[in-house]
Amino acid sequence: MTRLSAITPSGHVQLGNHLGAVRRWAREGTADDLCFISDLHAMTTPHNPSRLRSLTAEQLAVAVAAGVDPASVFVQSDLVRELGALTWVLECACSYGEAARMIQFKEKSTGRDSVRLSLLTYPVLMAADILLQGADEVPVGEDQAQHVELARVLARRFNGTYGEVFVVPSAVVPRTAARVRDLADPSRKMAKSAVDAAGTVFVLDPPDLVRRKIRRAVTDRVGVVRHDPEGQPGVSNLLEITAACTGEDVQELAAGISSYAELKETAAEAVVEELRGVRERALALLEDVAELDRVRAEGAERARERSRHRLDAALRMSGLGTSGSRMSGLG
């Protein structure tokens with residue numbers, strides 16, 4: 001069974017990405033699992049090309065440094081020709097209404113005079129990502145479940161119209177991970193794209209900066225260390241972060257800490273130790289451009305080889321190419 005996951009390089013990799021996704025890919029991934037850096041998805045809104053390229057390299061380096069099998073990782077744009085071809089085929093099977101009712105398009109386009117066409121069509125690109133690799137399962141949050149459903153619709157429609165080519169994928173809810181909140185405003189999630197980075201711990205932050213950010217984390221005036229996400233969100237966030245990094249029970253952690261100052265020091269050291277090896281290995285990879293390029297090229301070739309027969313079949317069965325075009329088996 002193939003499980004396909006992705007992360008978009010919309011900002012620097014932060015602690016929540018690491019604990020909630022990348023570390024889980026490393027620890028729980030199987031030989032059949034795939035994960036990719038979805039840099040094409042980052043182009044649906046205005047972007048800086050050099051920053052996009054840099055963030056893509058960073059996310060690839062962090063994933064490999066965290067222990068994700070290099071054989072299972074690739075960068076989306078390295079398959080741009082394959083994805084471009086399949087996206088067109090799928091767009092020809094998708095109606096405007098199906099694309100326009102995607103929640104993210106409606107939210108981001110409401111009240112704006114103009115939006116990029118890619119914001120409307122990128123769910124079809126996402127379907128191509130999934131169907132090209134023959135994914136059985138796609139771990140997604142609620143905000144992306146509708147996009148996986150579109151992939152299911154398009155797979156069934158194509159298979160029913162032209163013949164069986166695509167696996168019909170299923171959306172799966174990822175195992176619950178630590179709820180990492182913004183240190184400066186625990187009412188919101190820690191995010192790569194936060195305007196104010198004071199409450200965000202980035203994976204590549206130096207240890208001293210990590211400590212400073214955590215020491216300045218918002219708590220409250222209650223003065224008691226306990227796990228109460230509703231009543232004490234700042235304190236609870238620090239406890240959950242510490243527990244996620246150390247593997248300890250949140251309640252037991254709270255019982256053993258007597259002050260907010262101690263809690264912040266404990267959390268800071270836990271995060272620094274959790275990220276230390278990942279940060280060092282990622283920085284080494286980013287400095288060794290030739291090695292990172294090699295990892296990236298090999299990942300792309302494996303993903304391309306895995307998808308080639310499926311793309312060949314989709315093109316041939318939809319009427320493209322000559323009758324003598326090469327066609328691999330659909331194993």
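Let me begin with two helices. Helix α3, residues 80-91, and helix α12, residues 289-317, pack at an angle of about 35°. Their axes are 11 Å apart, and the crossing of α3 and α12 is left-handed. This is a predicted model, so please read everything I say as a description of a prediction.

Which residues of α3 and α12 meet? On the α3 side they are Glu 82, Ala 85, Leu 86 and Val 89. On the α12 side they are Arg 304, Leu 311, Ala 314 and Leu 315. Sorted by type, the residues of this contact are six nonpolar and two charged, with no polar ones. You can pick out the two charged residues by name: Glu 82 in α3 and Arg 304 in α12.

Now the sheet. Three strands form it, in the order β1-β2-β3. The sheet is open, and the pairing is parallel. Why is one side of β1 and of β3 left without a neighbour in the sheet? Strands β1, residues 4-7, and β3, residues 73-75, stand at the edges, and each has a single partner strand, so one side of each has no neighbour there. From one strand to the next, the twist averages 25°.

Look at β2 and β3 in particular. They run parallel and are joined by three bridges. If you want a place to find this pair on the screen, take Ile 37, which stands opposite Val 75 in β3. Helix α12, which we met in the contact with α3, also packs on the sheet, where α12 touches β2 and β3. The direction of α12 makes about 95° with that of β3.

A further helix belongs in this part of the picture. Helix α1 lies across β1 and β2, and runs at about 140° to β1.

That helix brings me to my last item, the second largest pocket. How much space lies in it? The figure is about 320 Å³. The pocket is lined by 20 residues, and the closest to its centre are Arg 24, Trp 25, Glu 28, Gly 29 and Asp 33. Both α1, residues 15-28, and β2, residues 34-37, supply at least two residues each to the lining. The largest share comes from α1, with four residues. By type, the lining divides into nine nonpolar, five polar and six charged residues.

To go back over the links: α12 meets α3 and touches β2 and β3, while α1 lies across β1 and β2 and gives the largest share of the lining of the second largest pocket. That is all I have.

Conventions
Residues numbered from 1 in each chain as written. Predicted model: local features only at pLDDT ≥ 70, side-chain atom pairs only at ≥ 80, totals over all residues. Heavy atoms only, no water. 1 Å grid on protein atoms, 1.4 Å probe; cavity = no way out; pocket = protein on both sides within 12 Å on 5 of 7 lines; lining within 4 Å. Points joined across faces, edges and corners; volume = space filled by probe spheres on them. Axes fitted to C-alpha atoms, helices over the stretch in contact; angles between N-to-C directions. Left-handed = near helix turned anticlockwise from the far one by under 90°. Contact = heavy atoms within 4.5 Å. Pairing = 2+ DSSP bridges.
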